[in-house]
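New to this one? Here's a quick briefing to read alongside the sequence and the 3D view.

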Amino acid sequence: MLRFWKEYIYAKGPQPFEIFMELSLYHPQQGYFLGERLRSVQSGDFLTSPEVSPLFGETLAESVRREVAECAVSRPIAVDVGAGSGSLLKSLVAALAGQVEPWAVEVSPPAQRAVGEVVGARRVVSDLGGLPERIRGVIFANELLDNLPMALARRRGEEWREMWVGAGNGKLMWVEVPARPEVEDWVDRFSGPTADGGMVEVQIRACEWARDALARLECGALVVIDYGDTAHGLEDRRADGTLRTYRAHHLGPPPLAEPGQTDITADVNFTAVMEAAREAGASVSLQRQDEFLEELGLRERIEELRREEMQLARSGDEWRRMQVRSLRTGGETLLHPRGLGGFQVLTARKC
C-alpha cells in the first residue's frame, strides 16, 4: 500500500491524517482490516478482552439484563460493533440462553464470516445503518473508537497546526499545515493544557459515531470500552501524543512506515465522547474496566471457580481442574489494574 499512497499524494497533494488512517485501515482492497486475515486472534495481531476470556461476554450478559430492566421489552437487542471473531457475542448469547436478539457490526470479511456463525449471516452488517432503526437493548463497542480515523494537531506557540501526510524522496513524510476550523475547535474544547510542540489526536469521528449510535437507541445503553482516559488524564501524554501501531501483539513501526500492514490506534479521549453522548440526550458514567466488571459480579465468579478448582484438585480430576484454572486466570486478567482492568468503560443510558 506504500506505493498506493505515494501515487495518491503525488496526484492529489498532502492529505489530512484521518484520510490516511481511514484508507490504510479500511481501503476495500488494501486496508488492514479488509484483508483475509482475522486480526483479533492468537495468530493475528492483537487480542481483546473477549478473546482473553469468555467470562468477559458472560459478565456483559448481566449488563444487558440490568440496562434493559426498565425498557419493557421481552427480548432485547444486543449489538457488538467491531465484533471481530464473535467471541463477545458467543459467550453473551450463551449466558442469556436465547433471551436476546444478537446483532454484529463488522467490516472485515473473515470476521463477518466468523461472527455470522454465532448470530446468523443476516444479522451481520457493515455499519450502523444496517441495524434496526430503533433499538431497545445494549450497543457494545469494545476497542472500536481507538481505530476510528482521527486528525492530528500539534501545538506551536499560541497556535494549532495539523499534521498531514505528504510524500517526497520516495517515502511518506509529515507536513504541517494550518489547523482547519473544526480541528481547532475540537482541540480547544478537549485537549486540555498542551505544551509547545505537544501532539493531540483529534477524535471528531469517534464523537460523531457515539451520537449516531445513540440516535438508534430508543431505550437501554451504549457501552464503550477502550484504552484511554479523560482529557485531564491524557495531559501527561501530550508531549509525543499516543498515536502508535500494532503488529503480531507488539508495538509496530511508525504510522507512516507500512500503511495497510499494521493496526493504527491512539488513546481515546473519553471527555470528548462523554460530551457527545450528553449532546445526544444520554446520561453518562465512566469507570475503569475492573470496577465495571466487578460490579457485574466477575469477582464472585472468579471465587466460585477458585473453589471449584480446589475441589477438583482433591478429587484428582486434573484435566477438568486445568480447564477451570484457565478460565479463572483469564478472568483475573480482565481485572488486572495495569492491563485490561485499567481500560475505561463509558456507559451512556437512554430511557
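What follows is a short tour by topic, from the sheet to the salt bridges.

Keep in mind that this is a predicted model. It has an open sheet of seven strands, one disulfide and 31 salt bridges. There's also a largest nonpolar core of 32 residues, with a second, separate core of 30 residues.

**The sheet**

- Reading across the open sheet, the seven strands come in the order 4-3-2-5-10-17-16, and the pairing is mixed.
- Strand 4 (124–125) and strand 16 (283–288) sit at the edges, each pairing on one side only.
- In general, strands of a sheet pair through backbone hydrogen bonds, either parallel or antiparallel.
- Strand 16 and strand 17 (residues 344–350) take the antiparallel option, with six bridges between them.
- If you want a spot to look at there, find Ser285, which stands opposite Thr347 in strand 17.
- Helix 8 (residues 204–216) lies across strand 2 (77–81), strand 5 (135–142), strand 10 (217–226) and strand 17. Its direction makes an angle of about 150° with strand 10.

**The cysteines**

- The one disulfide joins Cys71 to Cys219, with the sulfurs 2.1 Å apart.
- This pair links distant parts of the chain, 148 residues apart: Cys71 is in the loop between helix 4 (55–67) and strand 2, while Cys219 is in strand 10.
- The torsion about the S-S bond of Cys71 and Cys219 is about -90°, so the disulfide is left-handed.
- Both ends are tucked away: Cys71 is buried at 2% relative accessibility, and Cys219 is buried at 5%.
- What about Cys351, and how far is its sulfur from the closest cysteine sulfur? The distance is 5.8 Å, to Cys219, which is too far for a bond.
- Cys351 is exposed, at 81% relative accessibility, whereas Cys207 is buried, at 6%.

**Helix 6 and its cover**

- Helix 6 (residues 109–119) has these buried residues: Pro110, Ala111, Ala114, Val115, Gly116 and Val119.
- For background, an α-helix has 3.6 residues a turn, so residues three or four places apart point the same way.
- Among the elements covering the buried residues of helix 6 are helix 5 (87–96), strand 3 (101–105) and strand 4.
- Just after helix 6 comes Gly120, with a positive phi of about 95°.

**The cores and a buried Asn**

- In the largest nonpolar core, the residues touching the most other members are Leu60, Leu92, Val223 and Leu293.
- Two or more residues of this core come from each of helix 4, helix 5, strand 5, strand 10, helix 10 (289–295), helix 11 (298–315) and helix 12 (318–335).
- Helix 4 gives the largest share of this core, five residues.
- Beyond its neighbours within four places in sequence, Leu293 is in contact with Phe56, Thr59, Leu60, Leu298, Leu334 and Leu335.
- The second, separate core of 30 residues includes Leu148, Val268, Ala282 and Leu346.
- Asn269 is in strand 15 (residues 268–269). Is Asn269 buried or exposed? Asn269 is buried, with a relative accessible area of 1%.
- Leaving aside neighbours within four places in sequence, the contacts of Asn269 include Trp186, Phe190, Gln203 and Asp229. Thr230, Ala231, Leu234 and Arg238 also touch Asn269.

**The salt bridges**

- Generally speaking, side chains of opposite charge can pair when their charged atoms come close.
- Glu258 and Arg247 form one of the salt bridges, with the closest N and O atoms 2.5 Å apart.
- Those two are eleven residues apart: Glu258 is in the loop between strand 13 (250–251) and strand 14 (263–265), and Arg247 is in strand 12 (residues 244–247).
- Glu258 is partly exposed at 31%, and Arg247 is partly exposed at 29%.
- Glu309 meets Arg321 in a salt bridge of 3.3 Å, N to O. Glu309 lies in helix 11 and Arg321 in helix 12, so the pair ties together parts twelve residues apart in sequence.
- Glu309 also has a salt bridge with Arg325, at 4.0 Å, N to O. Here the partners are 16 residues apart, with Arg325 in helix 12.
- Glu309 and Arg321 are both buried, while Arg325 is partly exposed, at 37%.
- These residues belong to a network of salt bridges linking Glu303, Arg306, Glu309, Glu318, Arg321, Arg325, Arg328 and Glu332.

Notes:
Residues numbered from 1 in each chain as written. Predicted model: local features only at pLDDT ≥ 70, side-chain atom pairs only at ≥ 80, totals over all residues. Heavy atoms only, no water. Pairing = 2+ DSSP bridges. Helix = DSSP H or I, 4+ residues; strand = E, 2+ residues; numbered from the N terminus. Contact = heavy atoms within 4.5 Å. Axes fitted to C-alpha atoms, helices over the stretch in contact; angles between N-to-C directions. Disulfide = S-S within 2.5 Å. Buried < 20%, exposed > 50% of the residue type's maximum accessible area, 1.4 Å probe, protein only. Core = buried A, V, L, I, M, F, W, Y, C linked by side-chain atoms within 4.5 Å. Salt bridge = Lys/Arg side-chain N within 4 Å of Asp/Glu carboxyl O.
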